[in-house]
Amino acid sequence: AVMGMGINVFSVYQPYIIQLNGFSNAQGSWITTTRSLFTLAAMLTVNQLCARIGLRLVMTLGVVLLALSCFCFGLADSFPLYCAAGALTGLAYGYGGMVPLSLAVGHWFRDRRGLALGLAAAGSGVSPIFVPTLITGIIQAHGMRAAFLLVRDVPGDLGLEPYHLGGPETPAPPPRPAPAGMTPALRLSLLLAVFLIGGPGGPGFSHLTVLYTTAGYDSASAALLISYLGLVICVSKILCGQIYDRFGSRAGNWYVHLVFLAGLLLCCLAHLGGMLPAFAAMTLFGLGLPISAVTFAIWSADLFGDAQYEGAVRSLTVSYALGMLLFGPIPGLLADRFHSYVPAYALFALCLAVSLVIIQRAYRKLDAGHRGGVQGLTPLPHRDLQGPLAHSEQFRRDPAPLAPDHHGGPAQVRRFDILRILPQGGGVQRQS
């Protein structure tokens, strides 16, 4: 509700807010910028608030603030009041959005976090499927005010373990260590990469409706595009999590960056008209949008380990919110200057390309994100060894075949190596 209604659906309202109140494009962008400012403020305090009162109460607070922001938008009749309503939406997103959601998934899931995050975040796409067309009809029939007005923390508390592959009969894997080689310069480059994503992921999304309406599309067509985008978002977040889990984070990074980049480039062709290119743009844009919801938690676990996971999620998400804040006014300013939102989307495409280079460079330097994760030696228990072999030989399984299949089946051992300890200092002999 918070991410779908508060952020994703708001782009439907923005053209009406500008038109009915006589605001400039820059003023329209400043409303979303105010929202981003208070999102940043909330994200700076959400970890401490979760530790003090718990995840459930913090996320409930986010939903309550969202309801208050809708009432404020419905009653607003001046630019400062619209900004105040945007501020409430920003606080709601910070306290009810991806940061507490990522912390909850981190507590409850040791394995398959990508899929868990994708499923949880997919809820933000439900509202854009149904609400934009409904809101557009209400606005046209009854006005914009009517449209606004109508519309446990950790498993240990319950004696449970986080979800992990193999089920409760197998011991949980140890916490994931941080890869060696993280330096302050590399950490800053990661924050820069996430900051750059804040442009296309924040104002790039919230200005889609005005991009197409100013390019000549009528409001009903623009609402249809946003509804379709919501459907794509529901599927894409689940798909993105599966890709990261199945093929590794490096492949996932390529996928989510490149499809999002292609969507942004197609948005730059909005002035050419036609529904087919617009639907293609929404498809690719939606497939890439999980970069602003699913990836930060994955990058935190891959590059900082479980011990620093919560702090890393907060740092990356705050950097993203700062990017949304500082890029927020740019689409409106460029539209006032060039009479088009296309230059802003060209800039966002450039930012995303730079982000891809930085992220993949960090993964290479830290040797992280391989398919199947970090592979190490897994000794067989002694009960699997029989006869004198148990005393004279040690077994090592081939790590790659040990991974459970991706349909939940048991691990299949296709090969194993025998390390024979030779007597009297003869060394170690390998047999397969």
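Contact here means heavy atoms within 4.5 Å. Keep that in mind as you move through this predicted model.

**Stop 1: H3 and H18**

Start by selecting H3 and H18. Their axes lie 7 Å apart, and the two helices pack at an angle of about 175°. An angle over 145 degrees counts as roughly antiparallel, and H3 and H18 are therefore roughly antiparallel to each other. Now show side chains where they touch: from H3, pick Asn25, Ala26 and Ser29, and from H18, pick Pro331, Gly332, Leu333, Ala335 and Asp336. Sorted by class, this contact of H3 with H18 holds 4 nonpolar, 3 polar and 1 charged residues.

**Stop 2: H3 and H4**

Keep H3 (residues 25-53) on screen and add helix H4 (residues 55-75); here the packing angle is about 155° and the axes are 10 Å apart. That makes H3 roughly antiparallel to H4. Look at the crossing, too: H3 passes H4 in a right-handed one.

Which residues of H3 and H4 meet? On the H3 side, select Ile31, Val46, Leu49, Cys50 and Ile53; on the H4 side, select Leu55, Leu57, Val58, Leu61 and Phe73. By class, the contact of H3 with H4 has 10 nonpolar residues, with no polar and no charged ones.

**Stop 3: Ser69**

Stay in helix H4 and click on Ser69, which has its place there. Is Ser69 buried or exposed? With a relative accessibility of 1%, Ser69 counts as buried. Leaving out residues up to four places away in sequence, you will find Ser69 touching Ala85, Leu88 and Thr89.

**Stop 4: the nonpolar cores**

In soluble globular proteins, nonpolar side chains tend to be buried together. To see this model's largest nonpolar core, which has 68 residues, begin with the members that touch the most others: Leu208, Leu211, Tyr212, Cys267, Phe285, Trp299 and Tyr345. Then colour helix H19 (residues 342-366), the source of the largest share of this core, with 12 residues.

Next, centre the view on Cys267. Apart from neighbours within four places in sequence, Cys267 is in contact with Leu208, Leu211, Tyr212, Ala281, Met282, Phe285, Val342 and Tyr345. There is also a second, separate core of 9 residues, and Ala42, Leu65, Leu66 and Ala92 are among them.

**Stop 5: Gly201**

Move on to helix H10 (residues 184-201), where you will find Gly201. Gly201 has a relative accessible area of 10%. Because buried means under 20%, Gly201 is buried. What does Gly201 touch, not counting residues up to four places away in sequence? Select Phe260, Leu289, Ser292 and Tyr320 to see these partners. If you draw a distance between the C-alpha atoms of Gly201 and Phe260, it should read 9.4 Å, for a pair 59 residues apart along the chain.

**Stop 6: two loop residues with positive phi**

Finish in the loops on either side of H19. Select His339 in the loop between helix H18 (330-338) and H19. The phi of His339 is near 60°, a positive value in a residue other than glycine. At 71% relative accessibility, His339 counts as exposed.

For the last selection, go to the loop between H19 and helix H20 (389-392), where Asp367 is found. Asp367 is not a glycine, yet its phi is positive, at about 50°.

Note on methods. Residues are numbered from 1 along each chain as its sequence is written. This is a predicted model: local features need pLDDT of at least 70, side-chain atom pairs count only at pLDDT 80 or more; totals for chains, interfaces and linings use all residues. Side-chain values use heavy atoms; hydrogens and water are left out. Axes are lines fitted to C-alpha atoms, for helices over the stretch in contact, and angles run from 0 to 180 degrees between N-to-C directions. Helices (H or I, at least four residues) and strands (E, at least two) are DSSP runs, numbered from the N terminus. Angles under 35 degrees count as roughly parallel, over 145 as roughly antiparallel, 65 to 115 as roughly perpendicular and the rest as oblique. A crossing is left-handed if the near helix is turned anticlockwise from the far one by less than a right angle, and right-handed if clockwise. Ala, Val, Leu, Ile, Met, Phe, Trp, Tyr, Cys and Pro count as nonpolar, Asp, Glu, Lys and Arg as charged, and the others, Gly among them, as polar. A nonpolar core is a set of buried Ala, Val, Leu, Ile, Met, Phe, Trp, Tyr and Cys residues joined through side-chain atoms within 4.5 Å. Buried means under 20% relative accessible area, exposed over 50%, partly exposed in between (1.4 Å probe, protein chains only).
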